[in-house]
Amino acid sequence: MTAVNPHYLKLQGSYLFSTIAKKVAAYKEAHPQAQVISLGIGDVSQPLVPAVVDALRQASLEMGQAETFRGYGPEQGYAFLRETILQGDYISRGVNLSADEIFVSDGAKSDVANFQELFSADAKIALQDPVYPVYLDTNVMAGRTGPYQAGRYGGIIYLPCVEENNFLPQLPSEHADIIYLCSPNNPTGAALTKAALKKWVDYALEHHSIILYDSAYEAYITQADVAHSIYEVPGAEKVAVEFRSFSKTAGFTGTRCAYTVVPKGVMLTTPDGGQVSLHSLWLRRQTTKFNGVPYIVQRAAEAVYSPQGREQTCKIIAMYQQNAATILSALKEAGLTAFGGQNAPYIWLKTPQGVDSWSFFDKLLVEAQVVGTPGVGFGACGEGYFRLTAFNTPQLTEQAARRVADLTF
Ligand code: MLT
């Protein structure tokens, strides 16, 4: 028989959100009358905005005409979208990049999962705890960790993000080759200011490390000193890769479009002591393994940057931000301590004394028919915490918030 990749056997159970979906499905089957409200997985509730739908319609018509039909597109994305992203997200913020440093893709999750394959098998990985599970699991699959023991994989540098440090990662005392940072953070909602981010860029410059910076929730930033892009920090263009997504910005969780910025100045060492650019490797990887995002989806993403697209998507983001405020005030009313929700669509609440994350999940599901995500599912430091998302409709969010506020803890 063919042998398995042994590293897959180190993985813990199933993917967090699949486990939750199964538990909720079982509950619904046993209680068919229950009106379960999900504030669990970060999936959006609002439909695509009219500007995006118009672009999809128009592009579909083009695909149905011989003169305007398109087959394979460039694996890295069409120039029209890369240029629009460059202007709309970077030049407008005073960040100088070039359009060919932007790689359009079908999701930040897949990019962030795939990116690690460019690094050596013994690269030392640092990541936040709690953490978006994809960063960790993909490195486990690639064999960069030891076995799992007492809530941790051997060989990983965990950066505890706890109440004492406002859930912000602190620089490691040992050398890290690859550092995953997510800001605004999933799951805690904490966000790095430019000054805090500068410390990480300086560390990476000094240690010749690479920062993989996930800023999928950038559109939710309200605080002026929080960085929207890591490239707002000088020097980051030499050490950082940035992941962005249209999922939470424009409701593309089912439409699929994202992009990754790989500046040409980011270098890796070769076994013979030379250097190779990360950009050239990612281009090689994408052209080999990826055939690009559908033309119609790229036109839809382009429409997000039109004046109407901006106005319409901003309204939806404001609605989700209002949901976050609704949840925060209900939790306060219930006497619970909560964090996040100011620069992110995630609220990170502290479970009552003596109640662990999964027990809190069960209590909320059984007593309030509200689904959230147990903090421990994001790492050992998430034990005793619970994540709620602001992505449901205002009406259901208010209902869920009311049910939680009425519970006795
Ligand atoms: C989450 O709930 O953490 C998100 O849905 C994750 C993702 O975007 O893949």
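**Exercise 1. Which residues of helix 1 are exposed, and which are buried?**

K22, E29 and A30 are exposed, on the other side of helix 1 from its buried residues. The model is predicted. Exposed means over 50% relative accessible area, and buried means under 20%. The buried residues of helix 1 are L16, F17, I20, V24 and Y27.

Next, look down the axis of helix 1. Its buried residues fall within an arc of 85°, so they line one face of the helix. An α-helix has 3.6 residues a turn, so residues three or four places apart point the same way.

Last, find the partners. The buried residues of helix 1 pack against two helices, helix 5 (133-141) and helix 12 (357-368), and against strand 15 (370-371), strand 16 (373-374) and strand 17 (385-389).

**Exercise 2. What span should helix 1 have at 1.5 Å a residue?**

Helix 1 covers residues 16-30, which is 15 residues. The expected span is 1.5 Å times one less than that number. This gives 21 Å. The end C-alpha atoms are 22 Å apart, which agrees.

**Exercise 3. Describe the largest cavity and its lining.**

Start with the count: the structure holds 2 cavities of 30 Å³ or more. The largest has a volume of about 60 Å³.

Now list the lining. It consists of V44, Q46, P47, S247, K248, T249, A250, G251, T313, I316, I317 and Y320. Helix 8 (247-250) and helix 11 (307-333) each supply at least two of these residues.

Finally, sort by class. The lining has 6 nonpolar, 5 polar and 1 charged residues.

Notes:
Residues numbered from 1 in each chain as written. Predicted model: local features only at pLDDT ≥ 70, side-chain atom pairs only at ≥ 80, totals over all residues. Heavy atoms only, no water. Helix = DSSP H or I, 4+ residues; strand = E, 2+ residues; numbered from the N terminus. Buried < 20%, exposed > 50% of the residue type's maximum accessible area, 1.4 Å probe, protein only. Arc of directions from axis to C-beta. Contact = heavy atoms within 4.5 Å. 1 Å grid on protein atoms, 1.4 Å probe; cavity = no way out; pocket = protein on both sides within 12 Å on 5 of 7 lines; lining within 4 Å. Points joined across faces, edges and corners; volume = space filled by probe spheres on them. Nonpolar A, V, L, I, M, F, W, Y, C, P; charged D, E, K, R; others polar.
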